[in-house]
Amino acid sequence: MIKSDAQLRKHIRVLAQHAETIAVRCRAIEEALTKGEMFGVPVPPARIERAIKDIETRFTQAAAMIGIKP
């Protein structure tokens with residue numbers, strides 16, 4: 001339970017950091033796939049899987065912060 005404005009600001013800041021990181025990871029996946037298509041270089045599936053797992057983890061953490069249980 002959030003008890004003060006300072007705690008609320010802290011939670012908002014952390015949520016914003018999660019959102020930024022998720023956006024960066026999504027753009028990185030898109031860029032890697034686009035470059036792979038342009039130059040005919042396959043993107044290693046492990047790289048994509050790692051990025052997707054990180055995105056899922058951050059979504060879960062952000063959801064838990066606001067009280068949503070997966």
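Two residues are taken to be in contact when heavy atoms lie within 4.5 Å. With that in hand, a look at this predicted model can begin.

The overall architecture is a simple one to take in: the protein contains two helices and zero strands. Its outline departs from that of a globule, as the radius of gyration is 16 Å, whereas a compact globule of 70 residues would have a value near 11 Å. The box filled by the C-alpha atoms tells of the dimensions along the principal axes, at roughly 55 × 20 × 10 Å. Among contacts between residues at least 6 apart in sequence, 61% join residues at least 24 apart.

Turning to the surface, the accessible area of the protein amounts to about 5,700 Å², and carbon and sulfur atoms account for 61% of this. Of the 70 residues, 19% are buried. As for charge, the protein carries 12 positive and 8 negative charges, and the mean positions of these two sets are 10 Å apart.

One residue offers a helpful close-up. His18 is part of helix α1, which spans residues 5-39. The relative accessible area of His18 is 10%, and because buried means under 20%, this residue counts as buried. Which residues does His18 contact, once neighbours within four places in sequence are left aside? The partners of His18 are Arg58, Gln61, Ala62 and Met65.

Terms used: Residues are numbered from 1 along each chain as its sequence is written. This is a predicted model: local features need pLDDT of at least 70, side-chain atom pairs count only at pLDDT 80 or more; totals for chains, interfaces and linings use all residues. Side-chain values use heavy atoms; hydrogens and water are left out. Helices (H or I, at least four residues) and strands (E, at least two) are DSSP runs, numbered from the N terminus. The radius of gyration is taken over C-alpha atoms; the globule rule is 2.2 Å times the number of residues to the power 0.38. Buried means under 20% relative accessible area, exposed over 50%, partly exposed in between (1.4 Å probe, protein chains only). Accessible areas come from the Shrake-Rupley method with a 1.4 Å probe; for residues, only the protein chains shown count as cover. Lys and Arg count as positive and Asp and Glu as negative; His and the chain ends are not counted. The place of a charge is taken as NZ of Lys, CZ of Arg, CG of Asp or CD of Glu.
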